[in-house]
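Trainee: Could you take me through the salt bridges of this model, with a close look at the part where several of them join? I would like the account to stay with the individual residues and their surroundings.

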Amino acid sequence: VYDYACAICGSQRRSPTGNPEIEAAHIYPKNQGGRDIVPNGIGLCKLHHWTFDVGWLTISEDYKVIVGEANNVTTPNDLSNLNGRNVEVPSEEEAKPAEQFLRKHRKLHGFE
């Protein structure tokens, strides 16, 4: 549903054999009770999957990137520059990231 592109940066990198780099990321993690359903997922490249999972960034209810600050680590410029950027989401309502999972992700990582 993400056309093999990262929802955050739009990259469509492929391996030498043609496999897409895009990963299906859980919005609210399974180890916290998140479910394997499309509205709890988002297509991300490896870098943005990692930054999303560790809480460097999250997504607002209107699908914009929110970049957080770490206590003892300087936020990389290439990450800071994403703050406020629109996230590309599917046009089909049932495939869009659900607000309940986005809210839980923001809360889990201290954005709310």
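**The salt-bridge network around glutamate 61**

Mentor: In this predicted model, glutamate 61 and arginine 106 form a salt bridge in which the closest N and O atoms are 3.8 Å apart. Glutamate 61 sits in the loop between strand 3 (57–59) and strand 4 (65–67), whereas arginine 106 belongs to helix 3 (residues 99–108), so the pair ties together parts that are 45 residues apart in sequence. The two partners also contrast in their exposure: glutamate 61 is exposed, with a relative accessible area of 52%, while arginine 106 is buried, with a relative accessible area of 3%. For the classification, the cut-offs matter, because buried means under 20% relative accessible area and exposed means over 50%.

This pair does not stand by itself, since Glu61, Glu99, Arg103, Arg106 and Glu112 are linked in a network of salt bridges. Within that network, glutamate 99 is placed in helix 3 and counts as partly exposed, at 27% relative accessibility. When residues up to four places away in sequence are not counted, glutamate 99 touches Glu61 and Arg106, which are themselves members of the network. A view in another direction from glutamate 99 is given by threonine 74, which is 25 residues away in sequence and, from C-alpha to C-alpha, 29 Å away in space.

Turning to the salt bridges elsewhere, the count for the model comes to eight. One of them joins the side chains of lysine 46 and glutamate 23, with an N to O distance of 2.9 Å. Lysine 46 lies in helix 1 (residues 46–53) and glutamate 23 in strand 1 (residues 23–26), so this pair ties together parts that are 23 residues apart in sequence. Both partners fall into the partly exposed class, lysine 46 with a relative accessible area of 47% and glutamate 23 with one of 24%.

A further salt bridge brings together the side chains of glutamate 21 and arginine 13, at 3.0 Å from N to O. Here glutamate 21 is the buried partner, with a relative accessible area of 17%, and arginine 13 is partly exposed, with a relative accessible area of 44%.

To return to the part you asked about, the network takes in Glu61, Glu99, Arg103, Arg106 and Glu112, and within it the salt bridge of glutamate 61 with arginine 106 pairs an exposed glutamate with a buried arginine.

How values were computed: Residues are numbered from 1 along each chain as its sequence is written. This is a predicted model: local features need pLDDT of at least 70, side-chain atom pairs count only at pLDDT 80 or more; totals for chains, interfaces and linings use all residues. Side-chain values use heavy atoms; hydrogens and water are left out. A salt bridge is a side-chain nitrogen of Lys or Arg within 4 Å of a carboxyl oxygen of Asp or Glu. Buried means under 20% relative accessible area, exposed over 50%, partly exposed in between (1.4 Å probe, protein chains only). Helices (H or I, at least four residues) and strands (E, at least two) are DSSP runs, numbered from the N terminus. Contact means heavy atoms within 4.5 Å.
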